[in-house]
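Me: I would like to go through this model with you, beginning with its charged side chains. Please keep the answers plain.

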Amino acid sequence: MQFGNACSVARPDAQRSVAAVKEMAKMRGETYLEFAKSYLSRRDYRNAKATALEGKRLCAGPFYLAVRDRLDDLLSALDWAEVNLPNG
């Protein structure tokens with residue numbers, strides 16, 4: 001039995017897997033960010049907020065913090081917009 005070979009074969013697969021997870025987190029986060037911005041431009045605050053929260057959930061973990069930061073910024077803008085809605 002050769003344990004060293006199994007480890008050397010598993011390591012490149014793990015690296016590809018991590019790269020795939022990072023890419024998926026990036027794509028999901030950016031996609032949901034664009035959808036949320038689209039809802040926000042139509043002043044559909046409820047769907048914009050739900051979409052941004054789902055985007056944050058889908059790109060959770062240690063990967064792609066830039067998208068999560070932009071989703072957080074969008075959520076802050078949404079909170080501000082909801083508070084300052086006109087009463088009419």
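Me: Which side chain meets lysine 49 in a salt bridge?
Reply: In this predicted model, the partner of lysine 49 is aspartate 79, with an N to O distance of 3.0 Å.

Me: Where do the two residues sit in the chain?
Reply: Lysine 49 belongs to helix 2 and aspartate 79 to helix 3. They are 30 residues apart, and the pair links distant parts of the chain.

Me: Is lysine 49 buried or exposed? And what about aspartate 79?
Reply: Lysine 49 has a relative accessibility of 25%, so it counts as partly exposed. Aspartate 79 is also partly exposed, at 37%.

Me: How many salt bridges are there in total?
Reply: The count comes to 3 salt bridges. One of the others joins aspartate 72 and lysine 56 at 2.7 Å, N to O. Aspartate 72 is in helix 3 and lysine 56 in helix 2, 16 residues apart, and this pair too links distant parts of the chain. Both ends are partly exposed: aspartate 72 has a relative accessible area of 31%, and lysine 56 has 28%.

Me: Which residue pairs with glutamate 54?
Reply: Glutamate 54 forms a salt bridge with arginine 57, at 2.6 Å from N to O. Both are in helix 2, and because they are 3 residues apart, about one helical turn separates them. Glutamate 54 is partly exposed at 28% relative accessibility, whereas arginine 57 is exposed at 53%.

Me: Let us turn to the interior. How many residues does the largest nonpolar core have?
Reply: The largest nonpolar core has 13 residues. Those with the most contacts inside it are Ala52, Cys59, Leu71, Leu74 and Leu78.

Me: Which elements give two or more residues to this core?
Reply: These are helix 1 (3-41), helix 2 (45-58) and helix 3 (65-83). The largest share, 6 residues, comes from helix 3.

Me: What does leucine 71 touch?
Reply: Leaving aside residues up to four places away in sequence, leucine 71 touches Gly29, Leu33, Ala52, Gly55, Lys56 and Cys59. One of these contacts, Lys56, is also the salt-bridge partner of aspartate 72. Two others, Ala52 and Cys59, are among the core residues with the most contacts.

Me: Now the aromatics. How many pairs does a search of the whole structure find?
Reply: The search finds 1 aromatic pair. The ring centres of tyrosine 32 and phenylalanine 35 are 6.5 Å apart and the planes are at 90 degrees, so the arrangement is edge-to-face.

Me: Where do these two residues lie?
Reply: Tyrosine 32 and phenylalanine 35 both lie in helix 1, 3 residues apart, which is about one turn of the helix.

Me: How accessible is tyrosine 32, and how accessible is phenylalanine 35?
Reply: Tyrosine 32 is partly exposed, at 26% relative accessibility. Phenylalanine 35 is partly exposed as well, with a relative accessible area of 47%. Neither ring residue counts as buried, because that would require under 20% relative accessible area.

Me: One last topic, the backbone. What is the phi of arginine 43?
Reply: Arginine 43 has a positive phi of about 60 degrees, although it is not a glycine. By way of background, most residues other than glycine have a negative phi.

Me: Where is arginine 43 placed, and is it buried or exposed?
Reply: Arginine 43 is in the loop between helix 1 and helix 2. It is exposed, with a relative accessible area of 66%.

Definitions and conventions:
Residues are numbered from 1 along each chain as its sequence is written. This is a predicted model: local features need pLDDT of at least 70, side-chain atom pairs count only at pLDDT 80 or more; totals for chains, interfaces and linings use all residues. Side-chain values use heavy atoms; hydrogens and water are left out. A nonpolar core is a set of buried Ala, Val, Leu, Ile, Met, Phe, Trp, Tyr and Cys residues joined through side-chain atoms within 4.5 Å. Buried means under 20% relative accessible area, exposed over 50%, partly exposed in between (1.4 Å probe, protein chains only). Helices (H or I, at least four residues) and strands (E, at least two) are DSSP runs, numbered from the N terminus. Contact means heavy atoms within 4.5 Å. Rings of Phe, Tyr and Trp (its six-membered ring) pair if their centres lie within 6.5 Å; planes under 30 degrees apart count as stacked, over 60 as edge-to-face and the rest as tilted. A salt bridge is a side-chain nitrogen of Lys or Arg within 4 Å of a carboxyl oxygen of Asp or Glu.
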